[in-house]
Amino acid sequence: MSDPVTYDNAICLPCVGCEDKPLFPHADGGVFDADKKPIRDAFLVRYYRQDPMLVDGKWDRSTGQKLKQHNLIRPGTINGKAKRLSGTYIFAGYLFPHFGHFLLESLTNLWFFKQHPETPIIWLGVHNQPDLDPIAKQFIELYSIENPVHILTDETVVERLVVPTPGYIIHTRYTKEQQKALQMVEAPDPKPGKKVWLSRSKLKEGTISNEVLLEKVLDKEGWIIFHPQDHPIPAQLDMLKDAEVVSGIEGSAFHSLMLIPDFKGKIKIVARRRNVEFDFVAIAEDLGWDQDVIYAGSRVWSHGLPHWGYNTFWNSLDPIFDALGVSRPGEPATAPSDSLTKISLAITSRLKRNAALEFWARKNTIGAEIVDCETLIVSPHIEFNTKNLRQGVLPLDITPDQLFTSSLLNTCPNFICFRHHDNEQDLVRAFNTSIEVAPAETIWAIEYYADERTRSEINIVNDDERLESANTRLIHYIINCFPMLSVARVLGSNVAIVWRQPKQMFYPSLASFSDLATHEQFERAPVLTLSEIATLFSNPDKHRPT
């Protein structure tokens with residue numbers, strides 16, 4: 001590493017132009033020599049590798065050799081009305097109020113000023129902030145940094161300014177000196193069975209909404225669900241240093257491992273976007289870590305946020321389960337034991353509905369039985385193992401809202417099944433949206449708990465087997481609010497069907513939507529056998545129910 005250069009009468013300009021920005025798009029400022037020329041190593045620059053390819057999570061070095069320079073500091077205007085600092089100072093860099101960027105870039109010259117504890121250091125605040133934030137104070141204390149700290153917020157001429165070569169630059173440089181300087185603890189041998197999931201589920205930005213579903217499974221499998229932001233840095237290091245496996249969604253929490261450069265465990269980092277941020281790969285290779293990258297397939301699900309703050313969701317948890325060696329809990333997928341399976345088979349085969357959409361499957365699924373029909377299972381509460389489902393059945397660990405608002409559906413299925421669900425607003429919203437996108441021939445099947453007169457013994461549900469359900473109120477809503485939809489109950493079952501056909505003699509009985517909560521029956525809906533329903537759909541005008 002080249003020797004630092006000392007500049008006489010260096011001019012330091014504070015950062016201006018991004019005071020209110022969350023990170024750092026562009027700012028005017030920087031450090032200049034006495035001739036007012038920018039000092040290269042005192043300007044924050046990133047060199048992004050273009051199109052690096054990964055093979056089994058490792059960098060294929062025949063790719064990504066082309067660099068794109070990104071200057072985060074533009075030379076500001078020197079007005080000559082400067083304060084003066086006498087003596088010798090070390091340029092520490094730019095002060096980020098953000099854990100990951102502070103560790104990578106604000107401490108980029110740590111390797112040098114730790115060697116010269118008697119020499120004061122100078123930071124320029126990224127947002128022109130005048131003070132150290134709690135993150136910076138933690139690091140200064142933990143590294144026992146004795147150098148007096150100056151944060152410049154005014155144009156200042158420094159009598160002698162030592163500018164080290166940065167020990168870390170995004171994508172391109174991580175020197176041995178900097179690696180050694182950052183180390184806080186040594187790693188013992190991994191503790192067998194200690195598996196840590198670095199959670200983002202409590203954060204407000206950059207989250208994956210169904211991470212909590214994954215964490216419930218991991219917790220049952222003995223994983224430690226760890227929220228780094230709730231713990232001081234020493235506690236984070238104690239948690240990580242002897243872990244057999246550390247996994248989680250890519251983010252700054254993984255940079256804590258840089259403080260344990262000889263970490264001996266396995267790292268499995270889940271990419272947050274289509275491509276994992278290359279720094280995580282470069283750091284792992286520089287330090288010789290055993291790291292894999294997991295690609296789970298996610299969708300952006302946020303509005304008005306910068307790219308680093310996107311909120312997303314995983315389409316399915318199965319790729320992560322597979323990569324972590326965790327089995328989705330529950331028995332292999334089976335079909336419902338009551339008439340819902342028979343009705344679904346009849347609708348998809350005899351009535352030739354070739355694409356099915358099932359909402360809120362929990363303990364079982366119609367997808368385990370119906371054939372010759374593409375089936376999409378959309379449920380955030382799948383309690384069965386999906387491995388035995390046939391090809392053409394796709395389970396998604398998401399909500400109907402996420403399905404409809406993320407453009408996952410190219411075309412909407414023509415058979416839609418509503419399983420029991422306890423939230424009336426969710427049900428109504430999903431049904432209303434499905435009407436907007438479903439083709440004209442769509443048939444809806446809605447589970448409910450039928451009264452004694454319309455069900456057979458095979459469909460009687462014991463109280464201890466019942467799920468919380470607002471489905472009867474959904475059916476009441478459809479009967480009373482949609483003149484262009486018809487509803488029939490299937491004799492001997494706990495299922496109602498809905499299709500597009502005007503109701504004759506439409507007389508809604510609800511005075512207000514709050515009445516939905518008080519109606520337990522829907523007497524006006526006809527009760528038909530499955531054969532009558534099949535005949536109805538073969539000639540709907542002739543066999544219109546009254």
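Hi everyone, this is a short tour of one structure, going from a sheet to a helix and then to some salt bridges. Please keep in mind that we are looking at a predicted model.

Let's begin with the sheet. It is open and has seven strands, in the order β7-β2-β1-β11-β8-β9-β10, and the pairing is mixed. Which strands stand at the edges? They are β7, residues 73-75, and β10, residues 149-152. Each of these has a single partner strand, so one of its sides has no neighbour in the sheet. On average, neighbouring strands here are turned by 50° against each other, ignoring direction.

As a reminder, strands of a sheet pair through backbone hydrogen bonds, either parallel or antiparallel. For an example, look at β1, residues 5-16, and β2, residues 27-32: they run antiparallel and are joined by four bridges. If you want a spot to zoom in on, find C12, which stands opposite V31 in β2.

Now for the helix. Helix α1 covers residues 99-106 and lies across β8 (83-95) and β9 (121-125), running at about 120° to β8. One residue of α1 to pick out is F99. Is F99 buried or exposed? Its relative accessibility is 17%, so F99 counts as buried, the cut-off being under 20%. Setting aside neighbours within four places in sequence, F99 is in contact with I135, F139, I233, S252 and S256. F99 and L257 are 158 residues apart in sequence, while their C-alpha atoms are 13 Å apart in space.

Helix α1 also leads us to the charged pairs. Side chains of opposite charge can pair when their charged atoms come close. How many salt bridges does the structure hold? There are 23. In one of them, the side chains of R46 and E105 meet at 2.8 Å, N to O. R46 sits in strand β3 (residues 45-49) and E105 in helix α1, so this pair ties together parts that are 59 residues apart in sequence. R46 is buried, at 8% relative accessible area, and E105 is buried too, at 4%.

My last stop is K266 and D292, a salt bridge whose closest N and O atoms are 2.9 Å apart. K266 belongs to strand β17 (residues 266-270) and D292 to strand β18 (residues 290-294), so the pair ties together parts 26 residues apart in sequence. K266 is buried, with a relative accessible area of 19%, whereas D292 is partly exposed at 23%. Both belong to a network of salt bridges that links K58, K266, K268, D290 and D292.

Thanks for listening!

Definitions and conventions. Residues numbered from 1 in each chain as written. Predicted model: local features only at pLDDT ≥ 70, side-chain atom pairs only at ≥ 80, totals over all residues. Heavy atoms only, no water. Pairing = 2+ DSSP bridges. Helix = DSSP H or I, 4+ residues; strand = E, 2+ residues; numbered from the N terminus. Axes fitted to C-alpha atoms, helices over the stretch in contact; angles between N-to-C directions. Contact = heavy atoms within 4.5 Å. Buried < 20%, exposed > 50% of the residue type's maximum accessible area, 1.4 Å probe, protein only. Salt bridge = Lys/Arg side-chain N within 4 Å of Asp/Glu carboxyl O.
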